[in-house]
Amino acid sequence: MKEAILYKKLNGKVQCTACRRRCVLEEGQIGFCGVRKNIKGKLRLLVHSLPNAVNVDPIEKKPLFHFLPGTLAFSIGTQGCNFACQFCQNYDLSQRREIIGVRLTPTQAVKMALDYGCKSISYTYNEPTIFIEYAYDIGKLARKKGLANTFVTNGYETEESVELMEEFVDAVTVDFKGNGNPQFYLKYMGVPKEEEIYQTLLMMKEAGFHIEITDLVVPKIGDSLEDAKKLVRWIVENLGEETPIHFLRFFPHYLLSNLPPTPVETLEKHTKIAKEEGMKFVYIGNVPGHPLEHTYCPKCGKPVIERYGIEIVGWHLDENFRCKYCGYKIPIKGENFLKEKLENLKKESQNRE
């Protein structure tokens, strides 16, 4: 437990400023997220140094395809969430209102990341904004040791959160659901103002974060092609046509176990719309072996990074991330981290050929 950074004192009450809910809490009250509590007039983060999910993942699992490709991410999550998604794959973490976990200090987290050969630390599994002070304490140490930091987030950060993130975060994956439909967000996720996510994205762009977008396409209730077109157009106009977007396949889980998995054909229709609107890097996720797991060169159309699931199986870029067939530069960040990894990827690709 540690005093939070992001809050205001209001005559004995406190107002949390970490996420857009801006919960106002009386003495003893806990915020919507379940991990931020008013204790004697101070907002305390109950899960600081107490993660309940710690793993080493390929960074492609986040998914981040254009940031440090082929590297490992030390991944951390806690209990709690500021959303109430009825389909959450990690609901035992996000929706359980119980403070449990394993003791892991920021110093220990950074040491473990380095010991496992990771190039980054990812704050993920549940919404990292709700434990941002813990992420901040880890992230500042991580940067000093040459590690990058990434958020896998629902995008409900406040201006105060984004300002704090600027001190340690390098990349974000912002997860949309149901094509960003407002009624879907309210009914199935308990989110009253989904439009605030777009405001956060603009702040993240201004902060200089590498941004990738995911969209969980939920069949029957969250798969409108018109909504998909609106979302894609906003991304192109405000974030740019080279912003990677991943359309993810839904699988039945938690309170929506009665729905079928998303038909692959539905995902393909979404990718077609994204390409027609000008997006250059469009992916399908949760469908291992699909051709749209690969990165294609926008100029010559050839695959330059081939994947199977979250594993890179083919690499056709030079050390500056230029297509080896036509020289087009693919927008990928991470040159400073990747020199040794790039050599290994090229050798592995040549051996397969």
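## A walk around the predicted model

Start at Val 313: its relative accessibility is 26%, so it counts as partly exposed. Bear in mind as you click that this is a predicted model. Val 313 sits in strand β17, residues 311–315. Now add Leu 225 to the selection and draw a C-alpha to C-alpha distance: the two are 32 Å apart in space, with their positions 88 residues apart in sequence.

**Next stop: a small sheet.** Select β1, β6 and β5. These three strands make an open sheet in the order β1-β6-β5, with antiparallel pairing. Residues 2–3 (β1) and 36–39 (β5) are the edges; each has a single partner strand, so one side of each has no neighbour in the sheet. Zoom in on β1 and β6 (residues 42–45), which pair through two bridges in the antiparallel sense. Show Lys 2 and you'll find it opposite Leu 45 of β6.

**Now look for a cavity.** Searching the whole structure turns up one cavity of 30 Å³ or more. The largest cavity has a volume of about 100 Å³. To find the spot, select Cys 16, Cys 19, Cys 23, Cys 33 and Arg 36, which lie nearest its centre among the 13 lining residues.

**On to the largest pocket.** The space here comes to about 1000 Å³. Its lining has 39 residues; select Lys 62, Gln 89, Asn 90, Asp 175 and Leu 248 to get the ones closest to the centre. Then colour the strands β10 (148–153), β11 (171–177), β12 (210–217), β13 (245–249) and β14 (282–285): these are the elements that give two or more residues to the pocket lining.

**Over to the surface.** Pick Val 56, Leu 72 and Tyr 116. Together they form a nonpolar surface patch with about 250 Å² of accessible area. Leu 72 belongs to strand β8, residues 72–77, and counts as partly exposed because its relative accessibility is 31%.

**Last leg: salt bridges.** There are 14 of them in the structure. Side chains of opposite charge can pair when their charged atoms come close. Here are some to click through.

- Lys 111 and Asp 115: the closest N and O atoms of this salt bridge are 2.8 Å apart. Both residues are in helix α2 (residues 106–115), four residues apart, or about one turn of the helix. Lys 111 is exposed at 53% relative accessible area, and Asp 115 is exposed too, at 54%.
- Lys 140 and Glu 167: their side chains meet at 3.6 Å, N to O. This salt bridge links distant parts of the chain, 27 residues apart, with Lys 140 in helix α3 (residues 132–144) and Glu 167 in the loop between α4 (159–165) and β11. Lys 140 is partly exposed at 32% relative accessibility, and Glu 167 is partly exposed at 36%.
- Arg 233 and Glu 277: look for a 3.1 Å N to O contact between the side chains. Arg 233 is in helix α7 (residues 225–238) and Glu 277 is in the loop between α8 (264–276) and β14, so this salt bridge ties together parts 44 residues apart in sequence. Arg 233 counts as partly exposed at 40% relative accessibility, as does Glu 277 at 24%.

Finish by selecting Asp 57, Lys 61 and Lys 62, which are joined into one network by salt bridges that share partners. You've met Lys 62 already, as one of the residues closest to the centre of the largest pocket.

Technical notes: Residues are numbered from 1 along each chain as its sequence is written. This is a predicted model: local features need pLDDT of at least 70, side-chain atom pairs count only at pLDDT 80 or more; totals for chains, interfaces and linings use all residues. Side-chain values use heavy atoms; hydrogens and water are left out. Patches are made of residues with over 30% relative accessible area and no salt bridge: like charges are joined within 9 Å, nonpolar side chains (Val, Leu, Ile, Met, Phe, Trp, Tyr) within 5 Å. Accessible areas come from the Shrake-Rupley method with a 1.4 Å probe; for residues, only the protein chains shown count as cover. A salt bridge is a side-chain nitrogen of Lys or Arg within 4 Å of a carboxyl oxygen of Asp or Glu. Buried means under 20% relative accessible area, exposed over 50%, partly exposed in between (1.4 Å probe, protein chains only). Two strands pair if DSSP finds at least two bridges between them. On a 1 Å grid over the protein atoms alone, a cavity is a set of points where a 1.4 Å probe fits but cannot get out, and a pocket is an open set with protein on both sides within 12 Å along at least five of seven lines; lining residues have an atom within 4 Å of a point. Grid points are joined across faces, edges and corners, and a volume is the space filled by probe spheres set on the points.
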